[in-house]
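Welcome! Have the structure open beside you as you read, and pause at each residue to find it for yourself.

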Amino acid sequence: TIRAAKIKGEPIARLYQTYLKLGLGNTVLPSFEGYYNSLRNKQWGYGVEAGYHNSPAIVDGYDASFQQTTIAAYGKGILDFGIVNTNISREGNVFSAHGMQDGLSEQQMHQYWGYSQFNISLESKHNSRDRLSYFTTLHFSDLNEMMENNYGFESTLKQRFGAYDYSIGFKADLYANNTIKEMSMPFEAERAIEGVYILSPRFYGDFYGFNVSAGFDEVVNNLRAVGLLDFHFYPQLHADYEIVPKIFKVYGGLRSGLHKNSYWSLSKENPFLLNVLRYDTDALELRNTSSMDFYTGLNTYFNSNIRFGAELSYTNRKDMPFFARNENPNYYLNKFSVLYDDVKHLSVQATGNWNPLDRKGLALSVVYSHYELTNLTYPSGMASFEANLNGFYNLGDKIIGHLDVYTAFGRIAERTGQTDEAVLYFDLGNIIDFDFKLEYRYSKVLSAYLSGKRLIGGYDIWQNYPVIPRQIQLGISYQL
């Protein structure tokens, strides 16, 4: 579901060293978040955070419980030779992949995803466009304790020559999908080790009032197991023009690239995937998605209180992933496979913001999508129309309310894995729902809040997985 942009004027609390939040609710027992960070310093900064959420939820008589833990730490130092940033984080999710099936054991319903990552970067301190600026980062990620890894390096150099800016970037990513020892089975042999290398030169300048950036990405996709090198050329172009300075601007261009589909990225979108654990007996097919997107749009400011934007795009995607519930009896009927198809996607988006005062406002987003598919009949799980309305009101910095209304229409799900290998379809129905949060600030450091999520419910985001409805939570937050 789309989310509207954050409304300007939402209060930004002054920096406190410690922040604690505790909540209890009908489907949350308990919920805890804690943050600790150094106070403002011109030379360095650091912080840690941790969270724990536990839910004993039951939906339609089925166990839909989950447990989520997060922990992270970060640091920043301004040194003589540049600015160093580093962070490390871990997120663990344990939940029931019940799939509305009777007779499944606890092991068959068990689902687990553990996301770990580490990043460190170095960037130049100066802001002069006439001097060489640089940004370099190293990153590492791990999924489910060495089940899938990503090692990466990225570096960008940028400098102005004459009236124009130039940059060149290089990015290298190595992905490793490891063998499950108990099964002696890799995810997919020809993609067990894969390298993606990208060279990205860019040019920036002003031509007859048009602000232009142009360049290309040269991508090398190396499938080591089969000794195959794929080369891809992706042009990049963006131009915008202010018809009325600071009031009305139009833009357009071409954006393209290669998206790596991994267990990390796919499980973030749909956690009920075939997990390659012993009881799943199979793995996903992992393909990368190549896209070419032509777009045009406009941004306008009617006055300081009202903003409007719209964009029309037409995208050609090769091997776009769609999720389909796998009904092969060997998979217990509660997990999803991934189907790929070549797609032409037409999208129309519009956003509007109304902010008459810093203490109140509204934001509206709408998206219309049309998919032209090559092999599949429906774009499984994708909505044809989505809308989101976000409202915010601050009464004297004492009572603060948020309301988020979201809808999605025209969702059809694919089903696969039947004995005759047919692909069937299931109407997921429409989504019409809303969340709210009401906060009362007793003092500058102590607050109480009441929140509700999915207060209507009654729909599936994924086939056979009804959402947990009417999640009510009461909590307190404390700042030191």
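Before we start, one term: helices (H or I, at least four residues) and strands (E, at least two) are DSSP runs, and they are numbered from the N terminus. Keep in mind, too, that this is a predicted model.

**A glutamate inside a strand**

With that term in hand, find Glu194, which sits in strand 12 (residues 193–207). Is Glu194 buried or exposed? Its relative accessibility is 0%, and because buried means under 20% relative accessible area, Glu194 counts as buried. Which partners does its side chain have? A polar contact of 2.8 Å connects the side chain of Glu194 with that of Asn221. Another polar contact, of 2.4 Å, joins the side chains of Glu194 and Lys260. Setting aside residues up to four places away in sequence, Glu194 also touches other residues, among them Asp173, Tyr175 and Asn288.

**Charged pairs**

Asp173, one of those residues touched by Glu194, brings us to salt bridges. How many salt bridges does a search of the whole structure find? The search finds 13. Here are some of them, with the distance taken from N to O.

| Acidic residue | Basic residue | N to O distance |
|---|---|---|
| Glu91 | Lys268 | 3.3 Å |
| Asp173 | Lys171 | 4.0 Å |
| Asp217 | Arg202 | 3.0 Å |

Take the pair of Glu91 and Lys268, joined by a salt bridge. This pair links distant parts of the chain: Glu91 is in strand 7 and Lys268 in helix 2, 177 residues apart. Lys268 counts as partly exposed, with 42% relative accessibility.

In the pair of Asp173 and Lys171, Asp173 is buried at a relative accessible area of 6%, whereas Lys171 is partly exposed at 30%.

Now turn to Asp217 and Arg202, whose side chains also meet in a salt bridge. Asp217 belongs to strand 13 (residues 210–223) and Arg202 to strand 12, so the pair ties together parts that are 15 residues apart in sequence. Asp217 is buried, with a relative accessible area of 12%. Elsewhere, Arg129, Arg160 and Asp165 are linked in a network of salt bridges.

**Strands side by side**

Strand 7, where we met Glu91, has partners of its own. Strand 6 (residues 66–79) runs antiparallel to strand 7 (residues 82–96), and 14 bridges join them. These two strands form a hairpin with 2 residues between them. Strand 7 also pairs with strand 8 (residues 110–123), again in the antiparallel sense and over 14 bridges. To see both pairings at one residue, look at Ile88: Ala73 stands opposite Ile88 in strand 7, while Phe118 is the bridge partner of Ile88 in strand 8.

**Nonpolar cores**

In soluble globular proteins, nonpolar side chains tend to be buried together. How many residues does the largest nonpolar core have here? It has 21, and those with the most contacts inside it are Trp113, Tyr263, Leu266, Leu273 and Leu284. Strand 8, helix 2 (263–269) and strand 18 (336–357) are the elements that give two or more residues to this core. A second, separate core has 8 residues, including Met320 and Val343.

**A proline in a loop**

Our last stop is Pro469, in the loop between strand 27 (465–466) and strand 28 (471–479). Leaving out its neighbours within four places in sequence, Pro469 is in contact with Val59, Lys453, Arg454 and Gly457. The C-alpha atoms of Pro469 and Asp433 are 9.7 Å apart, with their positions 36 residues apart along the chain.

Terms used:
Residues are numbered from 1 along each chain as its sequence is written. This is a predicted model: local features need pLDDT of at least 70, side-chain atom pairs count only at pLDDT 80 or more; totals for chains, interfaces and linings use all residues. Side-chain values use heavy atoms; hydrogens and water are left out. Contact means heavy atoms within 4.5 Å. Two strands pair if DSSP finds at least two bridges between them. A nonpolar core is a set of buried Ala, Val, Leu, Ile, Met, Phe, Trp, Tyr and Cys residues joined through side-chain atoms within 4.5 Å. Buried means under 20% relative accessible area, exposed over 50%, partly exposed in between (1.4 Å probe, protein chains only). A polar contact is a pair of N or O atoms within 3.5 Å; within protein, one must be able to donate a hydrogen and the other to accept it, and residues adjacent in sequence count only if both atoms are side-chain atoms.
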